[in-house]
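Biologist: I would like a close look at a single part of this model, followed outward into whatever surrounds that part.

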Amino acid sequence: MTATPSGGFTATGLVKRYRRGAEQVSALAGVDLEVAAGELVALVGPSGSGKSTLLAVLCGWETADEGRLAYRGALAGRRPDTLGWPELALVPQALGLVADLSLADNVLLPSRLRGSPAAGQPRAQDLLAGFGLTHLADRLPAQASLGEQQRAAVARALLLAPVVLLADEPTAHQDRGHADRLLDAVADAARAGSAVLIATHDEQAWARADRVLSMRDGRLTAGTSA
């Protein structure tokens, strides 16, 4: 892990291999990526191209077999698996809501883990209202639709204005109106200084991005070829 001078993060030469029976598959084949503080980058590409694997390595769920990952500024020298919600927030495809917590408590969870739930209440209420979840706040995830759960997961990620925000298909379960609200909120996070990377098939997300990168066979290129 190498310290670098400003905000955001840099990945250099990331390689991730998996065994599939007797075959070795390169999910990441030498990925170079830089996302600056205040930048929104959209990552596009077909299923199986390596997008989710890249996000998993960036957030510390997976470890690259080769390459370097460097977080900058206040996060310089840190490993992703040591970062908390104020520093690195993730919206996974599986959403990851806690089953026995209400939607409101799931949104508030990063603030509780930080030891200051009361401080997060106003922001949590604003996010719930903005994403059309106020009337569902007391429901458990199993009592909500996938779209409602996804909006709660995005709200949770945005609660503490993270330094780095990673999101995997954050509008996949939304109608156009709700998708636009989510994308507006993610773009606002970037404008406020977060380094944002989203994997998405949503062309409206591409339109909001500062850059669009295409992924195929574990490699990144510029452009929107999916």
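How many of the 11 residues of helix α2 (residues 103-113) are buried? Please go on from there to the elements around that helix.

Modeller: The model is a predicted one, and the description below should be read with that in mind. In helix α2 (residues 103-113), eight of the 11 residues are buried, so that the helix is mostly covered. The buried residues are L103, A104, N106, V107, L108, L109, P110 and S111, and what covers them includes α3 (117-130) and α4. After α2 comes G115, which has a positive phi, near 90°.

One of the covering elements, α4, can be followed further. Helix α4 spans residues 146-158 and packs with helix α5 (residues 176-191) at an angle of about 10°, their axes lying 11 Å apart; α4 is therefore roughly parallel to α5. On the α4 side the residues that meet α5 are R151, V154 and L158, and on the α5 side their counterparts are H178, L182, A185 and A189. Sorted by class, this contact of α4 with α5 consists of five nonpolar residues, one polar residue and one charged residue. The spacing along a helix bears on such a contact, because an α-helix has 3.6 residues a turn and residues three or four places apart point the same way.

Helix α4 also holds E148, which is buried because its relative accessible area is 17%, below the 20% cut-off for that class. If neighbours within four places in sequence are left aside, E148 is in contact with L133 and L136. From E148 to H173 the separation is 25 residues in sequence, while in space the two lie 8.4 Å apart, C-alpha to C-alpha.

The loop between α4 and β6 contains A161, whose phi is positive, near 50°, although the residue is not glycine. A161 is exposed, with a relative accessible area of 58%. The loop between β6 and α5, in turn, contains E169, another residue that is not a glycine and has a positive phi, here of about 55°. E169, however, is buried, with a relative accessible area of 11%.

These loops lead to the sheet. The sheet is open and mixed in its pairing, with six strands in the order β5-β6-β7-β3-β8-β9. At its edges stand β5 (88-91) and β9 (219-222), each of which has a single partner strand, so one side of each is left without a neighbour in the sheet. From one strand to the next, the twist averages 20°. The partner β6 (residues 164-168) runs parallel to β5 and is joined to β5 by four bridges, with L90 standing opposite L166 in β6.

Two helices can be placed against this sheet. Helix α1 (residues 51-59) packs on the sheet and touches β3 (40-44), β5, β6, β7 (195-199) and β8 (211-216), and its direction makes about 150° with that of β6. Helix α5, already described as the partner of α4, lies across β3, β6 and β7 and runs at about 150° to β7. The path from the starting helix can thus be retraced: α4 is among the elements covering the buried residues of α2, α4 packs with α5, and α5 lies across strands of the sheet.

Key. Residues numbered from 1 in each chain as written. Predicted model: local features only at pLDDT ≥ 70, side-chain atom pairs only at ≥ 80, totals over all residues. Heavy atoms only, no water. Axes fitted to C-alpha atoms, helices over the stretch in contact; angles between N-to-C directions. Parallel < 35°, antiparallel > 145°, perpendicular 65-115°, else oblique. Contact = heavy atoms within 4.5 Å. Nonpolar A, V, L, I, M, F, W, Y, C, P; charged D, E, K, R; others polar. Buried < 20%, exposed > 50% of the residue type's maximum accessible area, 1.4 Å probe, protein only. Pairing = 2+ DSSP bridges.
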